[in-house]
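Reader: I'd like to go through a model with you, feature by feature. Could you show me how to read each one?

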Amino acid sequence: MIKRLALPILWLLALAGVLVALVHGHTIAVLQPRGIIGLQERDLMVIATLLCLIVVVPVFVLTFVIAWRYRASNTRARYTPDWDGNRALELTWWGIPLAIISVLAVITWQSSHQLDPYRPLASSQPPLTVQVVALDWKWLFIYPDQRIATINYLRLPVGRPINFEITADAPMNSFWIPQLGGQMYAMAGMSTQLHLMASQAGTYGGSSANISGRGFAGMRFTAQAVAPADFDGWVASSQRGTSHLTVDAYRDLARPSQDHPIATYAAVQPGLYDAIIMDYMMPMPGGDIALGAAQ
């Protein structure tokens, strides 16, 4: 019997060793949140996992216990065919899962409203609006109040709510900064919203969470959370640049490209974000009336 168990145990130990080697030295971003929304989402995942383990762990333990106790070679095992009608046992293995499902239902109901991505975050600081455009295969960030824009780089002030307005001028995509909060889809002709807030200064990876073609793997960006004073200084420095995002410059930028370098624009064509959306709302043969109007 020991020889029979040795091989499965060795396989389990080998699998555990491989998993440890893969995880060692790597960061699981969603489990290390640096924003208030990311923290709430992490706690929700942990609570749901622990509640599920209340059922899962006993099931696996009982599976091995029953298989060992009632093995063919164990002649001392008692024959108890009347367990299927035992009310106490029936109440146990039906009642506990029902109780867990009820608790999860309440948690899901509450968190669905608390973590609604369209829900503004309560703060004494005014929100910062950032308009996000998913392109092939890069991210355009427009700061409409500051009149600047960036490519594949997002700078945020710590402790200030960020109101993301998100669209796409390319195939459907998904905007995601794992350490700050959940993802939100970017769709052509539509504008979705996502409210996040960084609670700590740092540099966080952002990416596309929706496969969008050949350059999907490189469609990443850097989100850097800094002190409010540093953010204001960066804005002032960016506004002194010479590169402007005009309609013509945007048309060139919107062409598919891979591994686009970080870029900053000192000025942005007014109404560009709305014009991008309207190009899909009012299509015109032979030209784009919305971008032409913005120009």
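Author: Let's start with the overall build and then turn to the charged side chains. Keep in mind that this is a predicted model.

Reader: Fine. How many helices and strands does the protein chain have?

Author: Counting elements is a handy way in. Here the protein chain comes to seven helices and 13 strands.

Reader: What does the radius of gyration say about the protein chain?

Author: The trick is to set the value beside the one for a compact globule. For 295 residues that would be near 19 Å, but the protein chain has 27 Å. The box tells you about the dimensions too: along the principal axes, the C-alpha atoms fill roughly 85 × 45 × 40 Å.

Reader: And what share of the residues is buried?

Author: For burial, look at relative accessible area, where buried means under 20%. In the protein chain, 33% of the 295 residues fall in that class. As for the surface, about 17,500 Å² is exposed, and carbon and sulfur atoms supply 64% of that area.

Reader: How much of the contact set comes from residues 24 or more positions apart?

Author: Here you go by separation in sequence. Among the protein chain's contacts with a separation of 6 or more, 69% join residues 24 or more positions apart.

Reader: On to charge. How many positive and negative side chains are there, and how far apart do the centres of the two sets lie?

Author: Take the counts first, then the centres. The protein chain carries 19 positive and 18 negative side chains, with 16 Å between the centres of the two sets.

Reader: How many salt bridges does the structure hold?

Author: For these you check the closest N and O atoms, with a cut-off of 4 Å. The structure holds three salt bridges. One of them pairs Asp43 with Arg42, at 3.1 Å. Asp43 has a relative accessible area of 34%, so it's partly exposed, and Arg42 is partly exposed as well, at 24%.

Reader: Where do Arg251 and Asp248 sit relative to each other?

Author: Position in a helix is the thing to look at. Both belong to helix α5 (residues 247–253), and because they are three residues apart there, about one helical turn separates them. Their salt bridge has its closest N and O atoms 3.0 Å apart. Arg251 counts as partly exposed at 29% relative accessibility, and Asp248 is partly exposed too, at 43%.

Reader: Which residue does Arg255 pair with?

Author: Arg255 forms a salt bridge with Asp252, and the closest N and O atoms are 2.4 Å apart. Asp252 counts as partly exposed, with 47% relative accessibility.

Note on methods:
Residues are numbered from 1 along each chain as its sequence is written. This is a predicted model: local features need pLDDT of at least 70, side-chain atom pairs count only at pLDDT 80 or more; totals for chains, interfaces and linings use all residues. Side-chain values use heavy atoms; hydrogens and water are left out. Helices (H or I, at least four residues) and strands (E, at least two) are DSSP runs, numbered from the N terminus. The radius of gyration is taken over C-alpha atoms; the globule rule is 2.2 Å times the number of residues to the power 0.38. Buried means under 20% relative accessible area, exposed over 50%, partly exposed in between (1.4 Å probe, protein chains only). Contact means heavy atoms within 4.5 Å. Accessible areas come from the Shrake-Rupley method with a 1.4 Å probe; for residues, only the protein chains shown count as cover. Lys and Arg count as positive and Asp and Glu as negative; His and the chain ends are not counted. The place of a charge is taken as NZ of Lys, CZ of Arg, CG of Asp or CD of Glu. A salt bridge is a side-chain nitrogen of Lys or Arg within 4 Å of a carboxyl oxygen of Asp or Glu.
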